[in-house]
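Please open the structure in a viewer and keep the selection tool at hand. The stops below are to be visited in order.

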Amino acid sequence: MARVYLGVVIVPPAMIFTKLTFFLVYLQVFKPFRWLRICVYIGATLTITFYFGVMIYLLVSITPRKGQTFMDVALSPAQFASLRTSVPIAGVGLGTDLYLLILPIAAVMQLQLPTRRKIGIILIFLTGLA
(Lines give C-alpha, C1' and ligand atoms only; values in the text may rest on other atoms or scores of the structure.)
Protein backbone atom coordinates (compact mmCIF):
# COMPACT_ATOMS: atom_id res chain seq x y z
CA MET A 1 0.00 0.00 0.00
CA ALA A 2 2.91 2.33 0.64
CA ARG A 3 3.92 1.81 -3.03
CA VAL A 4 0.60 3.21 -4.21
CA TYR A 5 1.07 6.21 -1.94
CA LEU A 6 4.59 6.68 -3.23
CA GLY A 7 3.29 6.57 -6.81
CA VAL A 8 0.80 9.31 -6.01
CA VAL A 9 3.56 11.40 -4.51
CA ILE A 10 5.98 10.92 -7.41
CA VAL A 11 3.80 10.94 -10.55
CA PRO A 12 2.39 14.53 -10.50
CA PRO A 13 5.80 16.19 -9.94
CA ALA A 14 7.29 13.92 -12.62
CA MET A 15 4.57 15.03 -15.05
CA ILE A 16 5.21 18.68 -14.18
CA PHE A 17 8.95 18.42 -14.78
CA THR A 18 8.61 16.31 -17.94
CA LYS A 19 6.16 18.65 -19.63
CA LEU A 20 7.90 21.76 -18.31
CA THR A 21 11.09 20.55 -19.98
CA PHE A 22 9.38 20.61 -23.38
CA PHE A 23 7.92 24.05 -22.72
CA LEU A 24 11.35 25.41 -21.80
CA VAL A 25 12.97 23.87 -24.89
CA TYR A 26 10.33 25.45 -27.11
CA LEU A 27 10.89 28.75 -25.36
CA GLN A 28 14.60 28.59 -26.20
CA VAL A 29 14.30 27.27 -29.75
CA PHE A 30 11.45 29.50 -30.91
CA LYS A 31 12.29 32.61 -28.92
CA PRO A 32 11.71 35.07 -31.82
CA PHE A 33 8.03 34.08 -32.02
CA ARG A 34 6.17 36.25 -29.53
CA TRP A 35 2.92 34.29 -29.91
CA LEU A 36 4.73 31.05 -29.12
CA ARG A 37 6.35 32.52 -26.00
CA ILE A 38 2.90 33.54 -24.78
CA CYS A 39 1.53 30.07 -25.57
CA VAL A 40 4.44 28.47 -23.71
CA TYR A 41 3.90 30.65 -20.64
CA ILE A 42 0.16 29.89 -20.63
CA GLY A 43 0.65 26.15 -21.20
CA ALA A 44 3.39 25.84 -18.58
CA THR A 45 1.36 27.79 -16.01
CA LEU A 46 -1.76 25.71 -16.57
CA THR A 47 0.22 22.46 -16.49
CA ILE A 48 2.00 23.33 -13.24
CA THR A 49 -1.22 24.56 -11.62
CA PHE A 50 -3.23 21.49 -12.64
CA TYR A 51 -0.72 18.84 -11.61
CA PHE A 52 0.15 20.65 -8.39
CA GLY A 53 -3.56 20.78 -7.52
CA VAL A 54 -3.95 17.09 -8.36
CA MET A 55 -0.97 16.24 -6.19
CA ILE A 56 -2.39 18.14 -3.21
CA TYR A 57 -5.85 16.61 -3.69
CA LEU A 58 -4.50 13.08 -3.90
CA LEU A 59 -2.16 13.55 -0.95
CA VAL A 60 -4.98 14.86 1.21
CA SER A 61 -7.44 12.18 0.12
CA ILE A 62 -5.21 9.12 0.53
CA THR A 63 -2.95 10.11 3.43
CA PRO A 64 -3.85 8.00 6.47
CA ARG A 65 -5.35 10.01 9.30
CA LYS A 66 -4.35 9.49 12.90
CA GLY A 67 -5.14 5.93 13.87
CA GLN A 68 -5.51 4.69 10.27
CA THR A 69 -3.24 2.42 8.31
CA PHE A 70 -2.56 2.47 4.58
CA MET A 71 -4.87 -0.54 4.27
CA ASP A 72 -7.72 1.34 5.96
CA VAL A 73 -7.33 4.19 3.48
CA ALA A 74 -7.03 1.80 0.52
CA LEU A 75 -10.43 0.30 1.34
CA SER A 76 -12.12 3.58 2.16
CA PRO A 77 -14.52 5.53 -0.09
CA ALA A 78 -11.91 8.31 -0.30
CA GLN A 79 -9.60 5.97 -2.22
CA PHE A 80 -12.32 5.14 -4.72
CA ALA A 81 -13.12 8.84 -5.07
CA SER A 82 -9.48 9.53 -5.88
CA LEU A 83 -9.61 6.80 -8.55
CA ARG A 84 -12.41 8.68 -10.31
CA THR A 85 -10.00 11.53 -10.91
CA SER A 86 -7.86 9.34 -13.17
CA VAL A 87 -10.01 9.99 -16.26
CA PRO A 88 -9.85 13.81 -16.01
CA ILE A 89 -6.12 13.58 -15.24
CA ALA A 90 -5.59 11.44 -18.33
CA GLY A 91 -7.69 13.84 -20.41
CA VAL A 92 -5.67 16.85 -19.33
CA GLY A 93 -2.46 14.91 -19.91
CA LEU A 94 -3.56 14.06 -23.45
CA GLY A 95 -4.56 17.66 -24.08
CA THR A 96 -1.21 18.91 -22.84
CA ASP A 97 0.63 16.39 -25.00
CA LEU A 98 -1.30 17.46 -28.10
CA TYR A 99 -0.62 21.11 -27.25
CA LEU A 100 3.09 20.31 -26.96
CA LEU A 101 2.94 18.58 -30.35
CA ILE A 102 1.07 21.35 -32.17
CA LEU A 103 3.14 24.30 -30.88
CA PRO A 104 6.40 23.49 -32.69
CA ILE A 105 4.60 22.41 -35.86
CA ALA A 106 2.82 25.76 -36.06
CA ALA A 107 6.12 27.58 -35.44
CA VAL A 108 8.00 25.57 -38.08
CA MET A 109 5.30 26.35 -40.64
CA GLN A 110 6.07 30.07 -40.19
CA LEU A 111 9.80 29.68 -40.80
CA GLN A 112 11.19 30.94 -44.08
CA LEU A 113 12.48 27.59 -45.27
CA PRO A 114 11.84 25.45 -48.30
CA THR A 115 8.77 23.25 -47.92
CA ARG A 116 10.86 20.09 -48.07
CA ARG A 117 12.97 21.23 -45.12
CA LYS A 118 9.89 22.25 -43.13
CA ILE A 119 8.43 18.78 -43.65
CA GLY A 120 11.69 17.22 -42.47
CA ILE A 121 11.70 19.32 -39.30
CA ILE A 122 8.04 18.52 -38.61
CA LEU A 123 8.75 14.81 -39.05
CA ILE A 124 11.48 15.11 -36.42
CA PHE A 125 8.91 16.51 -33.98
CA LEU A 126 6.44 13.76 -34.96
CA THR A 127 8.91 11.05 -33.97
CA GLY A 128 7.67 11.68 -30.44
CA LEU A 129 4.46 9.89 -31.42
CA ALA A 130 6.25 6.59 -31.96
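Begin by selecting residues 34-62, which form helix 2. At 1.5 Å a residue, its 29 residues should span 42 Å, and the end C-alpha atoms are indeed 42 Å apart, so expectation and model agree. Please bear in mind throughout that this is a predicted model.

**Helix 2: the buried residues**

Keep helix 2 selected and colour its buried residues: Leu36, Val40, Gly43, Ala44, Thr47, Tyr51, Val54, Met55, Leu58, Ser61 and Ile62. The following rule is useful when looking at such a list. An α-helix has 3.6 residues a turn, so residues three or four places apart point the same way.

Next, select threonine 47, which is found in helix 2. Is threonine 47 buried or exposed? Its relative accessible area is 5%, and because buried means under 20%, threonine 47 counts as buried. Display its side chain and look towards glycine 43: the side chain of threonine 47 reaches the backbone oxygen of glycine 43 at 2.7 Å. Which residues does threonine 47 touch, not counting those up to four places away in sequence? They are Ile16, Lys19, Phe23 and Thr96.

**Helix 2: a patch on the surface**

Now select Ile48, Phe52, Ile56 and Val60 and show their surface. These residues form a nonpolar patch on the surface, and together they have about 340 Å² of accessible area. One of the patch residues, phenylalanine 52, is found in helix 2. At 44% relative accessibility, phenylalanine 52 counts as partly exposed.

**Helix 5**

Move to residues 86-109, which make up helix 5. What span should the 24 residues of helix 5 have at 1.5 Å a residue? The expected value is 34 Å, and the end C-alpha atoms are 35 Å apart, which agrees. The buried residues of helix 5 are Gly93, Thr96, Leu100, Leu101, Leu103, Pro104, Ala107 and Val108.

Select threonine 96, whose place is in helix 5. Threonine 96 is buried, with a relative accessible area of 9%. Leaving aside its neighbours within four places in sequence, threonine 96 is in contact with Lys19, Phe23 and Thr47. Threonine 47, visited earlier, likewise touches Lys19, Phe23 and Thr96.

**The salt bridge**

How many salt bridges does the structure hold? It holds one. To find it, select lysine 19 and aspartate 97, whose side chains meet at 2.4 Å, N to O. Lysine 19 lies in helix 1 (residues 2-29) and aspartate 97 in helix 5, so the pair ties together parts that are 78 residues apart in sequence. Are the two partners buried or partly exposed? Lysine 19 is buried, with a relative accessible area of 3%, whereas aspartate 97 is partly exposed, with a relative accessible area of 40%.

**Helix 1 beside helix 5**

Select phenylalanine 22, which lies in helix 1. At 43% relative accessibility, phenylalanine 22 counts as partly exposed. Then add leucine 100 to the selection. The C-alpha atoms of phenylalanine 22 and leucine 100 are separated by 7.2 Å, although the two residues are 78 residues apart along the chain.

**Two loops**

Continue to leucine 111, in the loop between helix 5 and helix 6 (115-126). Leucine 111 counts as partly exposed, at 27% relative accessibility. Not counting residues up to four places away in sequence, leucine 111 touches Phe33 and Lys118. The C-alpha atoms of leucine 111 and phenylalanine 33 are separated by 10.0 Å, and the two residues are 78 residues apart along the chain.

The last stop is threonine 69, in the loop between helix 2 and helix 3 (70-74). Threonine 69 has 41% relative accessibility and counts as partly exposed. How far apart in space are threonine 69 and phenylalanine 80? Their separation is 16 Å, C-alpha to C-alpha, and in sequence they are 11 residues apart.

Note on methods. Residues are numbered from 1 along each chain as its sequence is written. This is a predicted model: local features need pLDDT of at least 70, side-chain atom pairs count only at pLDDT 80 or more; totals for chains, interfaces and linings use all residues. Side-chain values use heavy atoms; hydrogens and water are left out. Helices (H or I, at least four residues) and strands (E, at least two) are DSSP runs, numbered from the N terminus. The expected span of a helix is 1.5 Å times one less than its number of residues. Buried means under 20% relative accessible area, exposed over 50%, partly exposed in between (1.4 Å probe, protein chains only). A polar contact is a pair of N or O atoms within 3.5 Å; within protein, one must be able to donate a hydrogen and the other to accept it, and residues adjacent in sequence count only if both atoms are side-chain atoms. Contact means heavy atoms within 4.5 Å. Patches are made of residues with over 30% relative accessible area and no salt bridge: like charges are joined within 9 Å, nonpolar side chains (Val, Leu, Ile, Met, Phe, Trp, Tyr) within 5 Å. Accessible areas come from the Shrake-Rupley method with a 1.4 Å probe; for residues, only the protein chains shown count as cover. A salt bridge is a side-chain nitrogen of Lys or Arg within 4 Å of a carboxyl oxygen of Asp or Glu.
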